[in-house]
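Open the model in your viewer and keep the sequence panel visible. This tour goes from one selection to the next and says what is there.

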Amino acid sequence: MDTNTLLSLIIVAGCLTARGVFAQPAAVDIPSAVESLPASSPYGESTAIRNIPYVTNASPRQNFDLILPKSKVDQPFPLIVWIHGGAWMMGIKEWDNVKYLVRHGYAIANIDYRFSTEARFPAQIQDCNAALNFILTHASEYGINSRRFVVAGGSAGGHLALLLGLAREERDFGADPSIQPLAILDFFGPTDLNEMMGDLKTIHSEKGIEQFEDVVPKLLGATVEQSPEKAKAASPITYVRATSPPVLILHGSSDESVPPAQSRRLLATLNQAGVKNQIIVVDAGHDGPLFSTPELESRVVAFLNDVLEKPQSARPH
């Protein structure tokens, strides 16, 4: 797919209708741009389409970047929908822990969303669902396989990715139940907001407690103690079902922002429901370079190849 074709697709996509609860034409009020990335980039040789809006009258953060492998032979590409972290109140689309997957033949859609300082929960997951609906509606135009996609994210983005993959029946979240991801990649995301303060106190994380007391009330509009039902509704663990997609969890053993107990609790719930899962415990804190070592990369790729039934012989481009 050449640059001129991609430019045409951006214009067309801006005029077409996204499906689901947010079924409105996306306004082209944020300039989109096509960029060719060299082999030396973190994504490898690829094409990046920047700032594609996914709703009408999009705010500055209601858009996504799409990174496509250069190879035309492997189209339509399987898709990774990545959601960045930042305590639901900061962060940028470039905070992407799985850039290397483009070298393995995956397209990546990096979603941005409204922060808690702009709109309270569930606005963030509504935006993620609106973006997912839009991307899949236009998948064929971008050379993406709409049936072979995975949702993923890190930290607050891991929390949203879990909600995006697990809460597929929640119409209030903008979810379309007919859309089902093949798997979820959760990089150290909060899973149970009602239990998180206790988890932080158990590991004596003063920094984590201070962060939690600051960011969660901004997200929910109330403290967990004041609104435990809203905290439950915002907790991915609430939505685990026997029909949930497989989950790969990566978590740092010394994480003081999102305690490892959060992922262990999710793991136990997935096991109880009979959901296929895997956890990788990294000798690290909250995020960092140890989450992108060659060994971890190979384990993530192997998990994805398995759930997407991609040939194990696939090699980076």
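The stops below cover two surface patches, a helix and a loop residue in a predicted model.

**Stop 1: the charged patch.** Select E206, E210, E213 and E225, which form a negative surface patch. Now keep E225 alone. E225 sits in the loop that runs between α6 (206-220) and α7 (228-233). Is E225 buried or exposed? With a relative accessible area of 61%, E225 counts as exposed, because the cut-off for that class is over 50%.

**Stop 2: the nonpolar patch.** Select M90, I92 and W95. These residues make a nonpolar surface patch of about 300 Å². Within the patch, pick I92, which lies in the loop between β4 (77-83) and β5 (107-111). I92 has a relative accessible area of 42% and is therefore partly exposed.

**Stop 3: another residue of the loop.** Select N97, found in the loop between β4 and β5. N97 has 15% relative accessibility, so N97 counts as buried, the limit being under 20%. Add S292 to the selection and draw a C-alpha to C-alpha distance: N97 and S292 are 7.1 Å apart in space, although 195 residues separate them in sequence.

**Stop 4: a covered helix.** Select residues 123-137, which are helix α2. How many of the 15 residues of α2 are buried? The count is 14, so α2 is mostly covered. To check its length, place a distance between the end C-alpha atoms of α2: they are 21 Å apart, in agreement with the 21 Å that 15 residues should span at 1.5 Å a residue.

How values were computed:
Residues numbered from 1 in each chain as written. Predicted model: local features only at pLDDT ≥ 70, side-chain atom pairs only at ≥ 80, totals over all residues. Heavy atoms only, no water. Patch = residues over 30% accessible without salt bridge, like charges linked within 9 Å, V, L, I, M, F, W, Y side chains within 5 Å. Areas by Shrake-Rupley, 256 points an atom, 1.4 Å probe, with all protein chains shown as cover. Salt bridge = Lys/Arg side-chain N within 4 Å of Asp/Glu carboxyl O. Lys, Arg positive; Asp, Glu negative; His and termini not counted. Charge placed at Lys NZ, Arg CZ, Asp CG, Glu CD. Helix = DSSP H or I, 4+ residues; strand = E, 2+ residues; numbered from the N terminus. Buried < 20%, exposed > 50% of the residue type's maximum accessible area, 1.4 Å probe, protein only. Expected span 1.5 Å × (residues − 1).
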